[in-house]
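Visitor: Please take a close look at the salt bridges in this model. Then set them beside the nonpolar parts.

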Amino acid sequence: MQQDLEQMQKEAEEAALSAADSRSLYEAKTKFLGRTGLVTALLKGMKDLAAEARPAFGKKVNELREKLEAKFAACESALKAKELRQKLAEERVDVTMPGRKGKKGTLHPVTRIKNQLVDIFAGMGFEIYEGPEIESDYYNFTALNTPADHPARDMQDTFYLSEEFLLRTQTSAGQIRYMEKKKPPFKMLSPGKVFRSDEDATHSPMFHQMEGLVVDKGITLCDLQGMLNEFARTMFSETSKTRLRPSYFPFTEPSVEVDVSCASCGGKGCSLCKGTGWIEVLGAGMVNRRVLENCGIDPDEYTGFAFGMGVERIAMLKYGINNIKLMTENDVRFLEQFKD
Ligand code: DAH
């Protein structure tokens, strides 16, 4: 009997030691110590022993059970520790490995130029005003001294929505809305989308304009050019200059076309400025007195200047972009070139 117990102890200990993982250890433990296990069976079999032999045998079996429980517990914690070490080794993260780069968006060239323009003019005290993209014929044309039969309407191919409404062809419409509400003196800058039925390498049916308007007592064309020089120096180059050429817009009198000295050749003449040393950048002029009158401002008391420029055009000049379509195609290979 004693021998049987020793043999069982040996077998159980071997099974405990040779278990390769928690699962087989659990199975071995159940084989010996489970409710239907071998050690339990010994205790159950005691009823067949002689009464005087039972206490000594029972004591031995209990000792064996305790020893085996301790052995299995020790093996279990050793196995658990080993398994944890293995798991940590397998799941080890190399924090020194270079990470995967996320794609970062960049600001669209039109947005960049728009932001720069807003910064330049806000710095000079201009207030930003955004008018509606759907305009009435009155604000887009008539109030800007361009009545229905005026030949200047042909300067812009208009998308009409109805007899009365249209997609604005120029941010100049915002001048009227602004002047109707404000009393001079004021300086206003109005950025926004405009629409014209026009399409080629430098024209797109939708593009962005930036309108400026200054009204006060005693404003002259000199004030306009002084401010434009400041704009050209900040936007293009320290040495940029402007020149004014006579032009025609119904809402300004006199009207001018504004050229900026070519920043690429410094005015000497190159392919960008087609050898002239100058690049046409915007239209401007002194606000026509009829326009002031239309907005309830006395033209004998106040004068003003206005200007309007194409944002895409400035972006194309500044970044050397040769086709306006690139601005709306949203090709990432184009867009990602504009990084800070
Ligand atoms: N609205 C004109 C255009 O779209 C640009 C312009 C010219 C705006 C002269 C002005 C201005 O404010 O004074 O062609």
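Guide: Start with Glu91 and Lys87. Their side chains meet in a salt bridge, N to O at 3.9 Å. This is a predicted model, so that distance is computed. The cut-off for a salt bridge is 4 Å, so 3.9 Å qualifies. Glu91 has 52% relative accessibility and therefore counts as exposed, the threshold being over 50%. Lys87, at 47%, is partly exposed.

Now turn to Arg153 and Asp137. They form a salt bridge with the closest N and O atoms 2.8 Å apart. Asp137 sits in helix 6 (137-140), while Arg153 lies in the loop between helix 6 and strand 3 (165-167), so the pair ties together parts 16 residues apart in sequence. Both Arg153 and Asp137 are buried.

Next comes Asp331 with Arg333. The closest N and O atoms of this salt bridge are 2.7 Å apart. Asp331 is partly exposed, with 26% relative accessibility. Arg333 is exposed, at 62%. Elsewhere, shared partners link salt bridges into one network of Arg243, Arg245, Asp259 and Glu280. The count of salt bridges comes to 15.

On to the nonpolar side. The largest nonpolar core holds 42 residues. Leu117, Phe121, Phe231, Leu282, Phe307 and Met309 have the most contacts inside this core. Several elements each supply at least two of its residues. Among the helices are helix 5 (109-123), helix 8 (221-235), helix 10 (311-319) and helix 12 (332-335). The strands include strand 5 (206-216), strand 7 (252-261), strand 8 (278-287) and strand 9 (303-310).

Leu282 shows the packing residue by residue. Leaving aside residues up to four places away in sequence, Leu282 touches Leu228, Phe231, Val256, Glu257, Val258, Phe307, Gly308 and Met309. Of these partners, Phe231, Phe307 and Met309 are also on the list of residues with the most contacts in the core. Another core lies apart from this one. That core has 21 residues, including Met188, Val215, Phe251 and Cys295.

Nonpolar side chains also reach the surface. Ile134, Leu161 and Phe165 form a nonpolar patch there, with about 280 Å² of accessible area together. Leu161 is in the loop between helix 6 and strand 3. That loop also holds Arg153. Leu161 is partly exposed, with a relative accessible area of 47%, whereas Arg153 is buried.

Notes: Residues numbered from 1 in each chain as written. Predicted model: local features only at pLDDT ≥ 70, side-chain atom pairs only at ≥ 80, totals over all residues. Heavy atoms only, no water. Buried < 20%, exposed > 50% of the residue type's maximum accessible area, 1.4 Å probe, protein only. Helix = DSSP H or I, 4+ residues; strand = E, 2+ residues; numbered from the N terminus. Core = buried A, V, L, I, M, F, W, Y, C linked by side-chain atoms within 4.5 Å. Contact = heavy atoms within 4.5 Å. Patch = residues over 30% accessible without salt bridge, like charges linked within 9 Å, V, L, I, M, F, W, Y side chains within 5 Å. Areas by Shrake-Rupley, 256 points an atom, 1.4 Å probe, with all protein chains shown as cover.
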